[in-house]
Structure formats: structure tokens, C-alpha cells
Amino acid sequence: RCLPALRRGGDVARKRLSGTGLAAEGRVLRAVLYVYHHRLLRHRSYLALQQVEQCLKRLWKMNLVGCIETLAGLIPKKNTSRAHAECLVPSQPMLETVALKVLGGCKLILRLLDCCCKAFLLSVKHLCSEEFILLNTVASGLLSRLWFVIQYRCVLQSLMSLYGMMLTSLHLVSETQQMPYIKGFTFPSDISNFLGVNVSSEVKKQKATMLAKKKPTSWLKKLFPTMSDVEKKRNFAICTSAVKNFSVSHPTDIGKPVL
């Protein structure tokens, strides 16, 4: 009875891990590090970005998505006939291997969120000091988006729920046929205790810290002074009169300069 739930949990975790947002932010991060490699090799913001990129690289090299897909392929589908009393289920070594990878993936994603938060705060600090404005502006936006993508798609939460389903299946399979594969390690019954932190409270704490650091934007006002209400009304009036005076009967080629 727990196999359909395990299959659904694996599909959810796989889709959230292999989403386009996480991969796109990783590509942008690698491009930024490549551009600033020789210019800011010893800069603190650059080193913090390198830690984030290292966590992402390790997450992809784990091939967690591939392992979950392999496990899902071993689970019988819903339309399988139930005429027989027995059915094929994933073996204990397979469940233990994927469960261990899920535990490592949860630890790594938690580390990735922590590195994103620390690098973001460091970038904002250098922005307030008006140091390397272009790099730190790009970095702060990139890190906040990466942190938000992981939280909005509930990547960590889906992996934690998948581990709970896998642990239930692992106990049932091991009772049927003992085939221990990973020795010297006891799979934790509560993944929150294994991670060492309360995930929901830790995420709320990081979010509050990041939002609090977004407020000091006095350097932005110095660089881009805001227009007064009079200037805004004047510019709006100029644009409106230009639109009214534009003649539709004489189309203009957009490839040529317009006076």
C-alpha cells in the first residue's frame, strides 16, 4: 500500500530538483564567477559566491535526480494487475542507497541555503560601503533569487517527506527479506534530528535576516537620484504630446534614425 505514495513522493521531489529555475540560477552564478575570476580573486564576496557554487556543483554531482528516477522505475505502476499475491518491489540495497543519498542531499541543501544567506549579507554590506557596486548588485539579486527558488519550490521539504516514505518501505522490505547493504550506519527515524536544526524556524530566521538587510539603500539614492513630482509630470506631458503629434499616415522605418 505504501508503494504508490512512495512513487508520488519520488516524482514530486524529482520535478522540484530538476526545475528550470535552479539550473538557470546555477548557470548565471557560474557565468558571474567566470567574468570576475581574475579581477576579484581575493574579494570576500567572490569567495562567498564560490562556496555557493561549490554546494550547487556537489548537489548536481550526487545525481540525486537519477537515483530517484531509477527507484521510481522499480515501483509497479497503478495499472498493474493485482491478480497475483506477490509483486516486485525495490530491494533493500536499492532503498538504502537512495535513502542515504536523500539524507546527504538534505544536508547539502541546508548548507546551500546557509551559504546563500551569508553571501547575500556580505554583498549587501559591501554595497553599503560602496565597494564593487556592479558585482555586489548582481550577486545580491542572484543569491536572493536562488534562495527563493529553493524555498518556493519546497525542495528540502519534498526530500524530507520522501525520506519518511522510503524509511517505511525499507522497514517492510527488510522484514520480508534481510539483505543489508550499508553497514555501520543506522538510518535515523526522525530526519529533523539528523539535520540538527528545525528547518522551518531556520528558514524563517534566514528570511527575516535577509529582509532586514535589504532596507539600507541610501547608496542607491546617491547613484540614481529620484525625480521630483514636477519632473515626472513634465516628462509625462512631453511623452503624451509626442504621441498625439505622431502621424500614423506616414509610417516610419524603425531601422532608420527618427528625428
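How many aromatic pairs does the count come to? In this predicted model, the count comes to one aromatic pair. The partners are Phe 185 and Phe 187, whose ring centres lie 5.2 Å apart. Their planes stand at 85 degrees, and the pair is therefore edge-to-face, as planes over 60 degrees apart are classed in this way. The two residues differ in burial class: Phe 185 is partly exposed, with a relative accessible area of 30%, whereas Phe 187, at 15%, is buried. A further aromatic ring, that of Phe 194, takes part in an arrangement with a charge. The charged end of Lys 107 sits over this ring, at 5.3 Å from its centre.

Confidence in the model was considered next. The average pLDDT of the protein chain is 76, and 73% of the residues score at least 70. Over residues 246-254, by contrast, the pLDDT is below 50. In the model, this stretch has two contacts beyond near neighbours in sequence.

The interior of the protein was examined through its largest nonpolar core, which comprises 64 residues. Val 52, Val 102 and Leu 159 are the residues that touch the most other members of this core. Eight elements are listed here in order of sequence, each giving two or more residues to the core: α1 (2-17), α2 (20-35), α3 (44-61), α4 (64-74), α5 (92-128), α6 (133-152), α7 (155-176) and α8 (191-195). The largest share comes from α5, which supplies 18 residues.

The surroundings of Leu 159 illustrate how the core is assembled. When neighbours within four places in sequence are left aside, Leu 159 is in contact with Ala 13, Leu 17, Leu 64, Ile 68, Val 102, Gly 105, Cys 106 and Ile 109. Val 102, one of these contacts, is itself among the residues that touch the most other core members.

Charged side chains were then analysed, and the count comes to six salt bridges. One of them joins the side chains of Asp 11 and Arg 14, with an N to O distance of 3.8 Å. Both residues belong to helix α1, where a spacing of three residues separates them by about one helical turn. Asp 11 has a relative accessible area of 24% and is partly exposed. Arg 14 also counts as partly exposed, at 21% relative accessibility.

Two further salt bridges involve Asp 114 in helix α5. In one, Asp 114 is paired with Arg 111, the closest N and O atoms being 3.7 Å apart. Asp 114 and Arg 111 are three residues apart in helix α5, a separation of about one helical turn. At 22% relative accessibility, Asp 114 is classed as partly exposed, and Arg 111 falls in this class at 39%. In the other, the side chain of Asp 114 meets that of Lys 118 at 3.3 Å, N to O. Lys 118 and Asp 114 lie four residues apart in helix α5, about one turn of the helix. Lys 118 has a relative accessible area of 52% and is therefore exposed, the cut-off for this class being over 50%. Elsewhere, salt bridges that share partners join Asp 11, Arg 14 and Glu 69 into one network.

Terms used: Residues are numbered from 1 along each chain as its sequence is written. This is a predicted model: local features need pLDDT of at least 70, side-chain atom pairs count only at pLDDT 80 or more; totals for chains, interfaces and linings use all residues. Side-chain values use heavy atoms; hydrogens and water are left out. pLDDT is the predictor's confidence in each residue, from 0 to 100. Contact means heavy atoms within 4.5 Å. A nonpolar core is a set of buried Ala, Val, Leu, Ile, Met, Phe, Trp, Tyr and Cys residues joined through side-chain atoms within 4.5 Å. Buried means under 20% relative accessible area, exposed over 50%, partly exposed in between (1.4 Å probe, protein chains only). A salt bridge is a side-chain nitrogen of Lys or Arg within 4 Å of a carboxyl oxygen of Asp or Glu. Rings of Phe, Tyr and Trp (its six-membered ring) pair if their centres lie within 6.5 Å; planes under 30 degrees apart count as stacked, over 60 as edge-to-face and the rest as tilted. A charge sits over a ring if NZ of Lys or CZ of Arg is within 6 Å of the ring centre and within 35 degrees of the ring normal.
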